[in-house]
Amino acid sequence: METIFTKILKGEIPSIFLHKDELCFSILDINPVNKGHLLIITTEAYPTLESCPEAVLSHMMVLAKKADKVLREKLGCDATNVIINNGKESGQEVPHLHLHIIPRYKGDGKTLHLVKETYSDGEIADYGKKLEF
Ligand code: AMP
């Protein structure tokens, strides 16, 4: 499957590459939440987590740890958000698996505002039984 990220990987769309290996590559997000916001992208265009081999997922997390260290050291950020939008309904715009690593600063006001719900009596236990893995 061709995606905007496969086109970037082939050099058909310009981008700023931060890393490239057999399984994954990393670029700067063109519309950063904060400057330095980067993406770690699978070389193969797996649409979501479900179809991605475990070895590739593990590698993505190893790269996430390295990227987090670089962002802290080089930009002096206080924290990072490490996010996967996994499927269209979660906000995924590009159906090609990628991790966002977003540098965050004290008081930067870039809150990710997901509205939370509450469980009714006993409901959390039912969810717990249903969702064991
Ligand atoms: P998602 O919504 O999780 O699929 O995220 C897709 C991300 O890709 C967004 O944050 C976009 O800003 C980013 N993006 C889209 N096109 C490009 C591009 N040509 N170069 C770099 N990042 C891009």
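Helices and strands are here DSSP runs, numbered from the N terminus, a helix having at least four residues and a strand at least two. In this predicted model, H96 is placed in the loop that runs between β4 (79-83) and β5 (98-104).

Although H96 belongs to a loop, this residue is buried, because its relative accessible area is 0% and buried means under 20%. Beyond the neighbours within four places in sequence, the contacts of H96 include T3, F5 and T6, and also the residues I41, T42, T43, E44, A45, Y46 and P47. One of these contacts, E44, also has its backbone oxygen 3.5 Å from a polar atom of the H96 side chain.

From H96 the reader can turn to the ligand. The space that the ligand takes up is the largest pocket, and the elements giving two or more residues to the shell around the ligand are α1 (4-9), β2 (24-28) and β5. Of these, α1 supplies the largest share of that shell, with 3 residues.

The shell holds 16 residues, of which D29, N85, E93, V94 and H100 come nearest to the ligand. For E93, a backbone N or O atom lies 2.7 Å from an oxygen atom of the ligand, while for V94 a backbone N or O atom lies 2.8 Å from a ligand oxygen atom. In H100, by contrast, an N or O atom of the side chain is placed 2.8 Å from an oxygen atom of the ligand. The ligand on its own has 500 Å² of accessible area, and the protein covers 88% of this area.

Methods:
Residues are numbered from 1 along each chain as its sequence is written. This is a predicted model: local features need pLDDT of at least 70, side-chain atom pairs count only at pLDDT 80 or more; totals for chains, interfaces and linings use all residues. Side-chain values use heavy atoms; hydrogens and water are left out. Buried means under 20% relative accessible area, exposed over 50%, partly exposed in between (1.4 Å probe, protein chains only). A polar contact is a pair of N or O atoms within 3.5 Å; within protein, one must be able to donate a hydrogen and the other to accept it, and residues adjacent in sequence count only if both atoms are side-chain atoms. Contact means heavy atoms within 4.5 Å. A residue is near a molecule or strand if one of its heavy atoms lies within 4 Å of it. Accessible areas come from the Shrake-Rupley method with a 1.4 Å probe; for residues, only the protein chains shown count as cover. On a 1 Å grid over the protein atoms alone, a cavity is a set of points where a 1.4 Å probe fits but cannot get out, and a pocket is an open set with protein on both sides within 12 Å along at least five of seven lines; lining residues have an atom within 4 Å of a point. A molecule sits in a cavity or pocket if more than half of its atoms lie within 2 Å of its grid points.
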